[in-house]
Amino acid sequence: MKKNVISEKQLSAEAACDYVKDGMIVGLGTGTTAEFAVRKIGKLVRDGLSIRGIPTSNRTKELAEAEGIPLIDFSESMFIDLTIDGADEIDGNLNMIKGGGAALLQEKIVASVSRAEIIVVNRTKLVDQLGVFPLPVEVIPFGWQVVFNQLESLHGNPDLRLNKGKPLVTDQGNYIIDCHFRKIENPKLLEHQLNMIPGVVENGLFINLCTKMIIADGEQLTVKDRN
Ligand code: 5RP
């Protein structure tokens with residue numbers, strides 16, 4: 001079972017790499033699925049492809065450097081041609097929950113300036129309604145308890161994400177509060193409500209950012225474009 005899931009992730013991630021063309025600035029996603037894309041792009045670069053990458057986390061940066069992918073930051077370009085990233089949940093409108101790997105902040109900044117955002121998933125990530133996967137909310141450490149309280153008032157059933165018994169610290173030095181909404185009726189409204197709470201840096205709802213989803217189900221690949 002586990003073997004199948006891993007190969008589906010690889011299949012969808014590598015299929016997305018067909019859209020990477022010479023000269024592009026490419027957003028490099030984070031997570032076990034996106035990792036397959038970074039490795040494949042690394043191979044393409046070693047075979048002569050000329051691209052420049054912008055990573056969405058320290059983890060991805062290290063991997064991309066090890067793979068020999070030239071990296072830049074936003075001082076060199078304010079836009080990205082194509083980003084390949086994973087998701088924790090994605091619905092039929094290509095709206096998503098991301099941030100299971102705690103990289104939602106950089107991932108959202110990168111997605112927001114990407115002309116194309118290809119999301120690579122296996123079938124298990126596809127849902128009718130977002131909300132079963134805990135929705136990550138990134139908060140600054142100061143006053144996180146106040147934000148936590150507000151999230152309780154919004155019926156988010158919040159949990160501070162821990163790492164070895166201590167608050168998990170993101171690449172930007174923030175904490176993550178995971179919310180268990182179960183069913184998110186209006187993702188766009190909730191995204192806005194969450195980001196209005198003082199102390200919230202960003203949340204894991206990605207609305208209207210994915211332009212193409214590639215789903216692997218066994219050996220079958222399905223591509224869906226945003227309407
Ligand atoms: C990291 C993310 C990942 O894209 C998401 O968690 C999916 O990860 P995986 O491909 O390992 O299932 O948003 O912050």
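How many residues has helix 2, and what does it reach from its first C-alpha to its last? I looked this up before anything else, and noted that helix 2 has 15 residues and reaches 22 Å, close to the 21 Å expected at 1.5 Å a residue, the expected span being 1.5 Å times one less than the number of residues. I took helices (H or I, at least four residues) and strands (E, at least two) as DSSP runs, numbered from the N terminus.

Basis of the entries. I am working with a predicted model, in which local features need pLDDT of at least 70 and side-chain atom pairs count only at pLDDT 80 or more, while totals for chains, interfaces and linings use all residues. Residues are numbered from 1 along each chain as its sequence is written, and side-chain values use heavy atoms, with hydrogens and water left out.

Helix 2, continued. I listed its buried residues (buried is under 20% relative accessible area, exposed over 50%, partly exposed in between, with a 1.4 Å probe and protein chains only), and found Thr-33, Ala-34, Phe-36, Ala-37, Val-38, Ile-41, Gly-42 and Val-45. An α-helix has 3.6 residues a turn, so residues three or four places apart point the same way. Just after helix 2, I noted a positive phi of about 120° at Gly-48.

Largest pocket. I then turned to the open and enclosed spaces, which are defined on a 1 Å grid over the protein atoms alone: a cavity is a set of points where a 1.4 Å probe fits but cannot get out, a pocket is an open set with protein on both sides within 12 Å along at least five of seven lines, and lining residues have an atom within 4 Å of a point. The largest pocket has a volume of about 360 Å³, and of the 21 residues lining it, those closest to its centre are Thr-30, Gly-31, Thr-32, Arg-59 and Gly-101. Helix 2 (32-46) and helix 3 (58-67) each supply at least two lining residues, and helix 2 gives the most, with 4. By class I read 4 nonpolar, 10 polar and 7 charged residues in this lining, where Ala, Val, Leu, Ile, Met, Phe, Trp, Tyr, Cys and Pro count as nonpolar, Asp, Glu, Lys and Arg as charged, and the others, Gly among them, as polar.

Cavity. I found 1 cavity of 30 Å³ or more, and the largest cavity holds about 30 Å³ of space. Its lining consists of Thr-56, Ala-102, Ala-103, Leu-105, Gln-106, Thr-170, Asp-171 and Gln-172, which I classed as 3 nonpolar, 4 polar and 1 charged.

Loops. Leu-126 sits in the loop between strand 6 (114-122) and strand 7 (135-139), and at 37% relative accessibility it counts as partly exposed. Leaving aside neighbours within four places in sequence, I found Leu-126 in contact (heavy atoms within 4.5 Å) with Ile-90, Met-213 and Ile-215. Most residues other than glycine have a negative phi. I therefore noted Leu-94, with phi near 65°, in the loop between strand 4 (89-90) and strand 5 (96-97); at 1% relative accessibility, Leu-94 counts as buried. Arg-182 likewise has a positive phi, about 70°, and is found in the loop between strand 11 (175-179) and helix 6 (187-195).

Whole protein. I closed with the totals: 51% of the 227 residues count as buried, and the secondary structure comes to 6 helices and 15 strands.

Notes: Points joined across faces, edges and corners; volume = space filled by probe spheres on them.
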